[in-house]
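I sat down with this one and a cup of coffee, and kept notes as I went. Here is what I looked up, in the order I looked.

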Amino acid sequence: MKRPKVCFDRILPKDLQKPIPGIIIDLPQARAAGIEPRTRMAFVNKKKWVNGTVLRVKFLGGTSGQQDTVKKFAAEWSQYGNISFDFGNSPEAEIRIAFEDDGSWSYIGTDCLSIPRNTHTMNFGWLDQGVVLHEFGHALGMIHEHQNPLGGIKWNKAKVYEDLGGSPNFWDKATVDNNMFKTYDKNQINGTKLDKESIMLYAIPREWTLDGFSSTENDDLSPVDKTFIGDTSNYPLTDKTKGPVELPLSSKSTMANIGKPGEEDLYTFTVAKQGKYLAKTTGSTDVLMNLYGPDSQTRLIDQDNDSGYMLNAKIVTELLPGKYFIQIRHFNRLNGTGKYGISVYKKRSLFG
Ligand SMILES: [Zn+2]
């Protein structure tokens, strides 16, 4: 039997963990309200990037052949979701790739931002279409399909310990527990049924399960993968044509509407003069606001939920000249919709 090649999750060390922008959906609450998420596969909600982000990628080593293989296959995600990659080796790159003899793995989504700049966030111990799509799936915020809490695989644990304890993985029991049997908290993920064809699912031999479940190695994005990446609550392509809405610096609100649950609105504004600025929403819709910049959609400045009037968001902060981005979403991603107003302007100082 061919020994399975398995990728393992890189979990952020505790000392590097810090609040990451995003919302944890409350699945039990949603179920009680009779709402079932429509999506499949599993995303860690709070680790997703802003829709439309161009993630910068830097290679820390590798031959030009290896680098070209990564570039060629990773780009497929951008056909189905509004997220893309800039392989320009920027010194500020969010995704940093090495080709060390250390298995294949990646940190998940925005966890990459907490890793020191001189360290890689993704590794390729072997290289083919399947593993490139899989590791970039992690980098976009996806977890392993077999760790989907709604998957329900009945494991033959003794056999899994035995196989993964040997070559080429040499995993100890704790590593197997963490990467194979541990499922995510239902509240943290966005997904439903297990998709056997998902690029995020390992090849699981029949001997590893007690209920007859097995899967083969997937080298392509499954139909569900393709639909799910572009789902409203993930990286919807519909926004691609729209682009961010330009906000004038004015205390007068621009009116907007979150029409579909999970929808996110993106705004941009330009600061010419350094100073204290105020961004806020108005209306009765419970929204969450993230502010990014300057000149970056991944550098989070501040996040707010309820500092404004009633359930409105408000951020007051000192800004340098540059281009800024505001992301607005409903606090309840599962069923929250509604109209709101948004404005951003320079605060007048009493002391000039
Ligand atoms: Zn993996």
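My entries follow, from the whole chain down to single residues.

**Entry 1: the chain as a whole**

I note at the start that this is a predicted model. I looked up the secondary structure and found eight helices and 17 strands in the chain. Then I checked burial: of the 352 residues, 39% count as buried. I also looked at contacts with a separation of 6 or more, and residues 24 or more positions apart account for 80% of them.

**Entry 2: the core**

Which residues have the most contacts inside the largest nonpolar core? I found Ile95, Met289 and Ile326, in a core of 64 residues. Domain 1 (8–229) and domain 2 (244–346) both give residues to this core, so I place it between them. As a reminder to myself, nonpolar side chains tend to be buried together in soluble globular proteins.

I picked Met289 for a closer look. Setting aside neighbours within four places in sequence, I list its contacts as Ala279, Thr281, Gln303, Asp304, Ala313, Ile315, Ile326 and Ile328. Ile326 thus turns up as a contact of Met289, and both are among the core residues with the most contacts.

**Entry 3: a four-stranded sheet**

Next I traced an open sheet of four strands. In what order do its strands run? I read the order as β10-β17-β12-β15, with antiparallel pairing. The edge strands are β10 and β15 (314–319), each of which pairs on one side only. On average, neighbouring strands here are turned by 20 degrees against each other, direction ignored.

I then went through the pairs one at a time:

- β10 (residues 250–258) and β17 (residues 338–346) run antiparallel and are joined by six bridges. Here I found Asn257 with Lys339 of β17 as its bridge partner.
- β12 (residues 275–282) pairs with β17 over six bridges, again in the antiparallel sense. Thr281 has Ile342 in β17 as its bridge partner.
- β12 and β15 are antiparallel too, with six bridges between them. Leu278 stands opposite Val316 in β15.

I noticed that Thr281 comes up twice in my notes: it is bridged to Ile342 in β17, and it is one of the contacts of Met289.

**Entry 4: one side of a helix**

I turned to helix α6 (residues 173–181) and asked which of its residues are buried. They are Val176, Asn179 and Met180. These residues cover an arc of only 85 degrees around the axis, so they sit on the same side of α6.

**Entry 5: Thr69**

I found Thr69 in helix α2 (residues 64–74). Is it buried or partly exposed? Thr69 has 18 other C-beta atoms within 10 Å, and because buried takes 20 or more, I put it down as partly exposed. Leaving out neighbours within four places in sequence, Thr69 is in contact with Leu127 and Val132. I also checked Asp128: it is 59 residues from Thr69 in sequence, while their C-alpha atoms are 7.6 Å apart.

**Entry 6: His146**

His146 is in the loop between α4 (129–139) and α5 (157–165). I counted it as buried because 24 other C-beta atoms lie within 10 Å. Its contacts, again without neighbours within four places in sequence, are Gly151, Ile153, Leu201, Tyr202 and Ile204. Lys182 is 36 residues away from His146 in sequence, and 9.2 Å away from C-alpha to C-alpha.

**Entry 7: backbone oddments**

I finished with the backbone angles. Where is the cis peptide bond that I noted here? It runs from Gly293 to Pro294, with omega near -10 degrees. Pro294 has its place in the loop between β13 (287–292) and β14 (300–304).

Asp295 is in the loop between β13 and β14 as well. Its phi is near 55 degrees, a positive value in a residue other than glycine. With 13 C-beta neighbours inside 10 Å, I wrote Asp295 down as partly exposed.

Met310 lies in the loop between β14 and β15. Met310 is not a glycine, yet it has a positive phi of about 55 degrees. It counts as exposed, with 10 C-beta neighbours inside 10 Å.

Notes
Residues numbered from 1 in each chain as written. Predicted model: local features only at pLDDT ≥ 70, side-chain atom pairs only at ≥ 80, totals over all residues. Core = buried A, V, L, I, M, F, W, Y, C linked by C-beta atoms within 7 Å. Buried ≥ 20, exposed ≤ 12 C-beta atoms within 10 Å, placed from the backbone. Domains from an automatic or database assignment. Contact = placed C-beta atoms within 7 Å. Helix = DSSP H or I, 4+ residues; strand = E, 2+ residues; numbered from the N terminus. Pairing = 2+ DSSP bridges. Arc of directions from axis to C-beta. Axes fitted to C-alpha atoms, helices over the stretch in contact; angles between N-to-C directions.
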